[in-house]
Amino acid sequence: MSTENATGQTTLATDHTRIFRELFRCYYTGLCYEAHTYVKSKEIAEEIVDDVFGRLWEKKEAITIDTSARAYLIKAVHNACISYLRTAEARIPRECIDNRLTLHMPGESPFDYIVSLELENKLKEAVRRLPPQYGRAFRLSREKNLTYEEIACSMHLSVNTVKTYLKKALQHLQAELKDYL
C-alpha cells in the first residue's frame with residue numbers, strides 16, 4: 001500500500017490515487033466514529049474526517065508517516081477534533097461545557113450523557129482490573145494506537161501472543177460490562 005524510503009519511513013510517494021482510495025475505504029467509517037466521540041455530531045465528525053483526508057491528499061508529496069497509517073490518521077483526526085472544540089468552545093454557551101472540558105451539546109439527553117460518563121468510568125475501572133499483561137497490551141492497542149507488531153516489539157512477545165492477550169482482554173471486558181453492552 002505504501003513504500004519505504006531509505007530511512008525506513010513510510011511515504012505516500014507512489015501511486016497516490018490507489019493508496020488514498022485504500023486508506024479512505026479502510027479507515028473513513030472508523031475515523032468518523034472516532035471523531036463523533038469528541039464532537040457528538042455525525043455531520044461535524046464527517047466534516048472533520050473529510051478535512052483530514054483532504055489535507056492528506058493536498059500534502060501527499062510531503063507527508064512522511066513514522067507510525068502505521070491507522071495510527072497517523074487517528075492522531076490527525078484527534079488533533080482536528082481538539083482544534084475544532086477549541087474554536088467551538090467560544091461559540092457554545094458555557095453551561096454546555098462540563099468541568100472536564102468535554103462538550104455535551106444542547107439537545108443531547110442529560111440521561112444519555114450521564115450513562116456515557118458512567119460507562120466510560122466502568123470501562124476504565126474494568127481495564128485497571130485486567131491481568132497486567134492483558135491490560136498493558138490493551139492500553140498500547142487502544143490508547144497508543146499501536147499495531148500488533150508494534151505491541152509485540154514493545155512487550156518482547158510474539159504477534160500471536162499479543163493477539164491472544166487482546167482477545168482475552170476483550171473477553172474480560174465484555175464479561176464485566178455485559179450489563180452495559
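User: Which helix holds Ser141?
Analyst: The model is predicted: local features need pLDDT of at least 70, side-chain atom pairs count only at pLDDT 80 or more, and totals for chains, interfaces and linings use all residues. Residues are numbered from 1 along each chain as its sequence is written, and side-chain values use heavy atoms, leaving out hydrogens and water. Helices (H or I, at least four residues) and strands (E, at least two) are DSSP runs numbered from the N terminus. The run that spans residues 132-142 includes Ser141, and this is helix H5.

User: Is Ser141 buried or exposed?
Analyst: Buried means under 20% relative accessible area, exposed over 50%, and partly exposed in between (1.4 Å probe, protein chains only). Ser141 has a relative accessible area of 6%, so the residue is buried.

User: Which residues does Ser141 contact, leaving aside neighbours within four places in sequence?
Analyst: A contact requires heavy atoms within 4.5 Å. With those neighbours set aside, the partners of Ser141 are Arg70, Leu146, Ile151 and Leu166.

User: How far apart in space are Asn145 and Thr67, C-alpha to C-alpha?
Analyst: Asn145 sits in the loop between H5 and helix H6 (148-155). Its relative accessibility is 13%, so Asn145 counts as buried. Beyond neighbours within four places in sequence, Asn145 has contacts that include Ser68, Arg70 and Ala71. Thr67 is 78 residues from Asn145 in sequence, and their C-alpha atoms are separated by 9.4 Å.

User: Which residue forms a salt bridge with Arg128?
Analyst: Side chains of opposite charge can pair when their charged atoms come close. A salt bridge here is a side-chain nitrogen of Lys or Arg within 4 Å of a carboxyl oxygen of Asp or Glu. Arg128, exposed at 57% relative accessibility, has its partner three residues away in helix H4 (residues 110-128), about one turn of the helix. With closest N and O atoms 2.9 Å apart, that partner is Glu125.

User: How many residues apart in sequence are the parts tied together by Glu176 and Arg129?
Analyst: The side chains of Glu176 and Arg129 form a salt bridge at 2.3 Å, N to O. Glu176 belongs to helix H7 (residues 159-176) and Arg129 to the loop between H4 and H5, so the pair joins parts whose separation in sequence is 47 residues.

User: Which residues are linked in a network of salt bridges?
Analyst: Glu125 also forms a salt bridge with Arg129, their closest N and O atoms being 3.2 Å apart. Three members are partly exposed: Glu125 at 32% relative accessibility, Arg129 at 48% and Glu176 at 37%. The full network consists of Glu125, Arg128, Arg129 and Glu176.

User: In what order do the elements of the protein chain run from the N terminus?
Analyst: The chain has seven helices and three strands. Among contacts with a separation of 6 or more, 52% join residues 24 or more positions apart. Read from the N terminus, the order is β-β-α-α-β-α-α-α-α-α.

User: What percentage of the residues of the protein chain count as buried?
Analyst: The rule is the one already applied to Ser141, with buried meaning under 20% relative accessible area. The chain has 181 residues, and the buried share is 32%.
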